[in-house]
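Colleague: I'm new to reading models, and I keep tripping over the vocabulary. Could you go through some terms with me and say what earns each one?

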Amino acid sequence: MIQFAFEVLIGGLLSGVMYSLVALGFVLIYKASGVFNFAQGSLVFFAALTFVGLLEHHVPFGLALVIMVGVMVVVGLAIERLVLRPLVNQPPISLFMATIGLSFLIEGIAQILWGANVRGLDLGLQDEPIQAISDATGMNVSKFDLSAAGIAAVLVIALALFFNRTRVGRALRAVADDHQAALAVGIPLQYIWAIVWSVAGFVALVTGLLWGARNGVQFALTFVALKALPVLILGGFESVPGAIVGGLIIGASEKLAEVFLGPYVGGGIEGWFPYVLALLFLLVRPEGLFGEKIIRRI
Amino acid sequence: MGRDPEEILEATLDTFPRLLLHHAKVRPNHPAVREKDLGIWQTWTWRQAADEVRALACGLAAQGFARGMHLAIIGDNRPRLYWAMAAAQALGGVPVPMYQDAPAAEFVFVLNDAEIAYAIAEDQEQVDKLFEARPQVPSLQHVYYDDPRGMRNYTDVLSFEKLQKLGREFDAAHPGFFEQQVDAGDAGDISVMLYTSGTTGKPKGVCQTHRAFIEAARGGIEFDRLTADDSVLSYLPMAWVGDHLFSFAQSYVAGFSINCPESAETVMNDMREIGPTYYFAPPRIFENLLTQVTIRMEDAGVLKRRMYAYFMQVARRCGAEILSGQQVSTADRLRYAIGNLLVYGPLRNVLGMSRIRVAYTAGATIGPDLFRFYRSIGINLKQLYGATETCAYACLQPDGAVKLDTVGLPAPGVELKLSDHGEVLVKGPMLLQAYYKRPDETAEAIDRDGFFHTGDAGLFDGDGQLKIIDRAKDVGRLANGALFAPNYIENKLKFFPYIKEAVAFGHGRDTVCAFINIDLSAVGNWAERRNLPYSGYTDLAGKPEVYDLVRECVEQANAELAQDPALADSQVQRFLILHKELDPDDDELTRTRKVRRRFIAEKYAVLVEAMYAGRDRQHIATEVKFEDGRRGVIAADLRIENVRTLSTTLPKAA
Amino acid sequence: MRDQPHARHAIGDVILRAEGISLRFGGVQALTDISFEVREHEVLAIIGPNGAGKSSMLNVINGVYHPQQGTITFRDRSARRMSTHDAALAGIARTFQNIALFKGMTVLDNIMTGRTLRMRRGVLAQALYLGPARREELEHRAVVERIIDFLEIQAYRKTPVGRLPYGLQKRVDLGRALALEPSLLLLDEPMAGMNLEEKADMCRFVLDVNEQFGTTIVLIEHDMGVVMDISDRVIVLDYGRKIGDGPPDAIRANQAVIDAYLGVVH
Amino acid sequence: MLYREVGQYRTTYQADAAIFPIRQDRIAMVALLVVAFVAIPALGSAYLFSAILIPFLILSLAAIGLNILTGYAGQLSLGAAAFMAVGAFASYNFVLRVPGIPVLGAFIGGGIAAALVGIVFGLPSLRIRGFYLAVATLAAQFFIVWALTKIGWFTNYNSSGVITAQPVVILGWHFAAPREKYLLVLAIVTVMALAAKNMARGNLGRQWMAVRDMDLAAEVIGIRPMRAKLYAFAVSSFYCGIAGALFAYTYLGTVEPEAYNLDLSFRILFMIIIGGVGTILGGFLGSAFIVILPIVLSVSIEWLDRSLHLSVPTSVASNLELIVFGALIVFFLIVEPHGLARIWQIVKEKLRLWPFPH
C-alpha cells in the first residue's frame, strides 16, 4: 500500500516536472510584460502538431526540430509585435482576454493546417517501467516519465541560469520589478519582450513534444494551459522556483487524490482537484508561495 | 368663467402688478418663470410668482420701502430679480436695473443719480461692488442678496429669504395692505428707470410709465400674435430695454413664460433644452453663432462639408423666399425640403431654434448675409427699431415683408417722420416721460409737437419701410463735401466674419481711413488651418498674412460702397489692425458694444495722424485694464496698409 | 446652496486624538510615536518634506493602514484597527493625493457614490425601480445637485470624470467626500499641481466647507502660502516624527521646522 | 440628424434620470418592442425562432449576467456556463421533485440556486483579484460540470447522464411551438434586461463600478467592496442560471452537463468583449454577433463549395470560426475596447450633433 502510494507519488512528481515546464512559460511572460498568456497552451498544441506535421511530410527529425525552433521563435515574436505591443498600458484583464482570443486563433490555424485528428509522436522513449528500479524496489517508474522529467529539469535549470546569470536575464528581472524604472535606466523593453516571447515559444515546443509523445498530439494539449493555472497560483505568477515547486505539488497531489479519493466520488477529479487545492491555498496566502506581499497604496 | 370684454379688461390691467394678479387668477397653474438650477428647470406658476412678489413687496414695505422710492437691481437674469421689479412696482416704487458687469466705479454715478436707498444684488460679487461704491453713495441704506454663497461674514445685509419672511409676517399683520398698494398704482406712474449708456457723456435715467411699456408690449404682441403659450429665453442684461420689454413687459401682458439660464457659460445648452418660441438677440450674438457654425463645419468630413455647402447654397437661393411665402419653383421647394431634413432642421436643432416662431434683432445694423442666413434656414428672424426712450418699440418688420436693409414699418400706435436733416422722429404712447432730473435734456429730446428725436439718420424706401444709415450726429462730410456715414462703413466691414470691430475716420478729411479689430476666434481658426503660429491677439493682429486677409475684406467693402454714388467717396483708402481688442472696460465701447468713435479718435490720435500722414508704421503703447482690475500696457509697432479703391463708373458687381 | 449662512464656527473641543502612533511597512518605519489632537471645526494642516509620512498619517486616521502601536480616538470611539468602513460610518471622509475617482463614471455618479452609506433600498426594489427605491435615488440626487452647485461644476454634471481637466477632477474628488456629509474631512494635497487660479478656488471651497457646514478639516499641503492662509493649526512631520505643532506663525518661526525644510523646494 | 431635442427640457430629477431621456429614443424603443412582440411572431419561420432568435435571446441574457460581474463589477469570470448549468439542472430537479411547482417558479428556483453557488465561488474574490479570481471561476467551471456528471441524483440517475426538460406549461398554456417559446423567452429577457438596467444605473450599479474602478477609494467612502462583489456574483449567477434554464427548456430540450462547458463560458465572455463591456446593450449586440457569425460563415462556405467546387472539409468551417472569433477578440480589444455598444453610442452622438462633426 505504502509502496503503491510512493509509486503514485513519484509518477505524480514526474508529471509535475512537466507542469512546471508549462508554468515556466507563463511565468517568463508574466514577469516580463505582466501578461497572463492564456495562449501558452495553444502554442504547445501548435508546436506539437506542426512538428508532427513536418515529420509526416518526411522531414528528418533533427531538421524538423531546427525548423520548429525557428517557427516558434517567429510566432512568439509575431504575437508580441501584433497583439501585445498595441495593447501595452491596457489593464491586465484586457491583455488576458486578448490572449484567450489569441489561443482560439492559434488553435484554429493549427487545425486548419494539420487537421484535427489525434496523432502519435515517437521520441524514441518507451513508456515502460525501468527494470532496475522495479527489481530493486518493486515500484514501476516509467522510463519515459523519468527521461521526460530529466529533459524538463535540464530546461528548467537552463532557464533559471539564463535569467540569473546573463545580462538579458538581469534586465528582464529589472523589467519585471518596474517598467518605468527599467525604461529610465535605458533597458529596451520591447527588445526584452521579444526575447521573452521567443523563449516562451521555445518552451512551448519542448513541452509540446514531451506531452505529445506521452498522450498523443491532440487538442487536449491546449488544456495543459489550464493545468498550469493552479500551479501558478501555488507558486505565484512571478516566481520561477515557485513554478517548479508548484508544479511538483500539483502533479503529486492530483495523482494521489485521483487514486485515493477518486474512487469514492466517481473518479475524474483531476480536472478540478488542483484548482480547489489552489483556491484553498489562495484563501490562506493570496500572494502565492513565493510571491511578495502586496501593500495597497493610494 | 365670465370674462369681461377685452377693452374693459385692458383698461383695468394698466399696471404690471395688476397684470401679475390677473394672470395669477386666470392662469394660476400656467408656468410664469423657469430657471435652470440644480440640474433641472425649476418652474414657478403665475400663482407662485404672484405669491413670491407679494412676500417680497411686503418685506420691502416692512423695511420701509415706500411709494416713489427707487430699488436698484443688479445681477444676471434671475427669477427673484424679475420679481423684485414687480415688487417695487407693487409698492409704487421704481425698479432701477443696472448693468451687472459694470465696475463699482460706474455704479457710483447711477446709484447717486437715482438716489438709491435700497438695492437687491444677485450674489457676493455684486454686493462687494455695492459696498465698494457705498462710501461715495450716502443714500444707500439697505442691501439684499439672492445667493447666500460666501455671504456668511457680511453684516448689515439681508438675504432674500429673510426679506420674504419679514414680508410674510408683515402681510399677516397688515391684511389687505398689498392689495391696497396695488390699487393705489396708476398707469401714469413711472414703472421703471433704465439708464442709457449714452454713446457720449454720463448715462441718463430714462423714466418709463406703466402705460408706455404696456402699450409697447401689447402692440408687439398683437403685431406678432404672441400668446401665453410662447416662451422666451431671458439672458440679456436686465438693465437693457430690450430685455425689459421681452422678458418683463411682454411676459406680463401676454402671460408667457420666461426662462433663466443656469449660468453665462451654459446659455447655448440651456437654449437648446428650452427651445424658446420667441427670441431676441443683438446682431453680434447671431454673428457669433454663425461664426461657430462655420468653424465647426470646417472640422467636418469632406462629404458632409460638400453636402452642407450644397444645401446652404440652395437655401441662399430660395430659403428666405420660401419663408416669406414668395413664388419658388417646385424643384427648388423639393431641394429645400431635402435640405430641411438633412441640414436646416438639424442646424436649427443644434442652435436651439427649432421652435422659434418669431425672432428679432436690433441695437445695431445686422449684416445682410448674416440676416439672410438665419431666414434661409427657416428661422423667422426680423428686425425692429427702437430706443430706450421708446421702450425699444418704434418700427417692426411684418411677416412676409421682411427686407435685409430696413428696420420695418412704423409699429402700431407709433407716428414716425424724418426731420429735414434726415433725423428720425417718433411719437406715441411708448415715449419716455422724462430723463430723470434732466429737464434740459428732456426738452432737447422731445420737441414741442411731442416728437422724440432719435438721433438716428434714416430714410424711407419705396414701401415706406425705414432704413437707418447712421447716428445723425456722426454723419459728417468729407473735405470735398461728400456724405460720410462712418457707421454705415463700419458695419459693411463688420459684416465680414474675420472683422470684429471697425472704426472709420474721414469727417473733414479728404479720404477715409479705418481701424480694424480682427475676430480672434475666426481669424485664429483661419490661422490654425494654415498652421500659422501665433501667441495671442496682438501677435496675430500683426501678421502680414492677416493683413492680406483683412485687405481683401476691405476691398470687397469698397466695391459695395462704390455702387452707391452717394457713398462712393467714402471707400476706405488705408487701414490698420489695432494691437488690442476694443473693450468696454477701457471705455472704448459702450456696454452694448457700440464704438465710442470720438473717444477712440482721441485715445489713438497718434495712429490716426500716422494714417493720414501716409506713414506705413507707427509705434503705440496703450494701458489696459484686466478683468481682475489690474492694469498693464500693450505696446506694438503697427503696420498701416493701403487699399485698392474703385471708381463709381465701374459696372456694378453681380 | 440656498440656506441661511452661519458665521464662522468657534473652534470646539477635541474630536480626534492620535496617541503614540507607530507604523511600519516591513523594514520601513513610516511613522514613529506620533501624537496629536484635532479640535472640532478647526482647519489643521499637516506639512513636511516628501516621504515624511503625511499620507500614511491620513491613511491611519481613516483606517486604510493599521498602526503597530498607538490608538486613534474619534469622538468617543477608540481603536487601533479602525476599518475604513467604520471610519466612513463615523463621519470621516477624505480625498486623495493622486485623484482616486471612478474613471468610468460621470461626475454625477461619482458624487452619488458618496451617498451609498445613506441608501437603504434592497436589490429587488432597485431592480424593479419600485417607488421607495426611486424616491430614495431622487432624494439623494437632490442632495448631490447641491454639492455640484456648491463646487460650481454644473456644466460637467454628465461628463465622465476621465475627460475632465485635473483641477476639476480634484473638485469632484472633494465633492464625493462632501457627499458623505462628514464631520471630519481629510484632504491629501488638495491643491497639488494646480495653477494659481485653481488653487485660489480650491482654498475658497475648503474654507466655505469649513465655515458653511462647520466641517473639521485636516489637510496635507506643500504650498506654505496656502497653509499659512487657511489653517488654524499646523503639524510638521519629518521622517515619520512630529517635529512641530502649533499656530501657523509659531511654526514659521520654529527652528526645527526650518531645518527640516532646508533645501526642500516649494 | 433625426434627433430634435430642442424643447425636451426636464423639470424633475425623475425625468432627468429616465433610461431614455430623449423622446426619439423612447419612440425607437417602443417601435423595437412592437416589432419583437408582434411583427416577428407574425412573420417569422420556425427556423428563425429556434435556430437564431431563441439562442440569441438566451445568450444575451447570459451575457448580461456576465457583464454585471465582469463589466460592471470588474470581476473576470470564466465560469458563466457553469452557473447556467446549475440553473438548468436545478430547475429540472425542482419540477421533478416539487409536485405542482409552476415552471416559472422552477426557473426562479434555478436562478436562486445558481446565485447561491455563485456566492460560494465568489467568496475567494474577497481576498484575491484579477487572474487569481479568474482561476477561482475556472474551478467552478470544472467542478460544477464534473459534479453534475458524476452525481447521478442531479440527472435523476439517467443512464446517459442527460436530462430531458419537462414540457413548459404556464397557466395551462403549453409552450411547445417555437413561436410560443420565442415569445416566452422574449418576455423573460425583456423584463430581466430592464431590471438589470435599473440595478446598473442605481446605487448597486454605482457600487459595482466604484469597486471596479478604484476599490480602495470605494471602501473609504463607505462602500463595502465585499458585499458589492458578492452581490455582483449573486445577481450575475442568477441571470446566468435563468439563461441556463431557458437554454435547456426552450432551446436544447435534452441536455448533458457538457453542453455548459468551458467553451460556452468563453463564448459568453467574447460576447461581452465584442458587444461592449459594462453595458446592457452590449449583451444583446455581442450575442447577436456571435450567434449570427457562424451562420454567415457556414453559409458563405457552402456557397464557395457550390460555386467554386472546392470541397471544403466540414472541420474547416468550425476552425475558420475559431480563427475569426479569436481575431475579432484581439481586434476589438485593440481597436475598440468598449465594443459595439461604444460604436453605437458614438454614432448616436454624431446623429445628435449633426450636422456638426463634434
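Modeller: Here is a round of questions about what the labels mean and where they apply.

Colleague: What should I know before we start?
Modeller: This is a predicted model, where local features need pLDDT of at least 70 and side-chain atom pairs count only at pLDDT 80 or more, while totals for chains, interfaces and linings use all residues. Residues are numbered from 1 along each chain as its sequence is written, and chains are lettered from A and ligands numbered from 1 in the order in which they are written.

Colleague: And what makes a stretch a helix or a strand?
Modeller: Both are DSSP runs, numbered from the N terminus: H or I over at least four residues for a helix, E over at least two for a strand.

Colleague: OK, what makes B:Arg225 count as exposed?
Modeller: Count the other C-beta atoms, placed from the backbone, within 10 Å of a residue's own: 20 or more is buried, 12 or fewer is exposed, and in between is partly exposed. B:Arg225 has 11, so it is exposed. You'll find B:Arg225 in the loop between α9 (210–224) and β10 (231–233) of chain B.

Colleague: Then why is B:Glu115 put in another class, and which one?
Modeller: B:Glu115 has 15 other C-beta atoms within 10 Å, so it is partly exposed. Its place is the loop between α5 (104–113) and β5 (118–121) of chain B. B:Arg305, in helix α13 (302–323) of chain B, also counts as partly exposed because it has 15 C-beta neighbours inside 10 Å.

Colleague: What is unusual about the backbone at those two loop residues?
Modeller: Most residues other than glycine have a negative phi, and most peptide bonds are trans. B:Glu115 has a positive phi near 45°, and B:Arg225 has one of about 50° without being a glycine. As for the bonds, the one from D:Trp354 to D:Pro355 is cis, with omega near 0°; D:Pro355 sits in the segment after α13 (339–353) of chain D.

Colleague: How do you know what length α7 of chain C should have?
Modeller: The expected span is 1.5 Å times one less than the number of residues. Helix α7 (196–213) of chain C has 18 residues and so should span 26 Å; its end C-alpha atoms are 25 Å apart, which agrees. Next comes C:Gly214, with a positive phi near 65°.

Colleague: Why do you say that the buried residues of α7(C) line one face?
Modeller: The buried ones are C:Met202, C:Val206, C:Val209 and C:Asn210. Looking down the axis, they fall within an arc of 90°, so they line one face of the helix; the arc is that of the directions from the helix axis to the C-beta atoms. Residues three or four places apart point the same way because an α-helix has 3.6 residues a turn. Exposed C:Leu196 and C:Glu197 are on the face turned away from the buried side.

Colleague: What do those buried residues pack against?
Modeller: Their partners are β3 (43–47), α6 (166–178), β7 (184–188), β8 (216–220) and α8 (224–230) of chain C.

Colleague: What makes two chains "in contact", say A and D?
Modeller: Two residues are in contact if their C-beta atoms, placed from the backbone, lie within 7 Å. By that rule, 41 residues of chain A are in contact with 33 residues of chain D. On the chain A side, α4 (92–114), α10 (223–235) and α12 (273–284) each supply at least two residues, and α4(A) gives the most, with 16. That side has 31 nonpolar, 8 polar and 2 charged residues. Here Ala, Val, Leu, Ile, Met, Phe, Trp, Tyr, Cys and Pro count as nonpolar, Asp, Glu, Lys and Arg as charged, and the others, Gly among them, as polar.

Colleague: How many residues of chain D touch chain C?
Modeller: Here 27 residues of chain D are in contact with 33 of chain C. On the chain D side, α8(D) gives the most, with 13 residues, and the classes come to 16 nonpolar, 7 polar and 4 charged.
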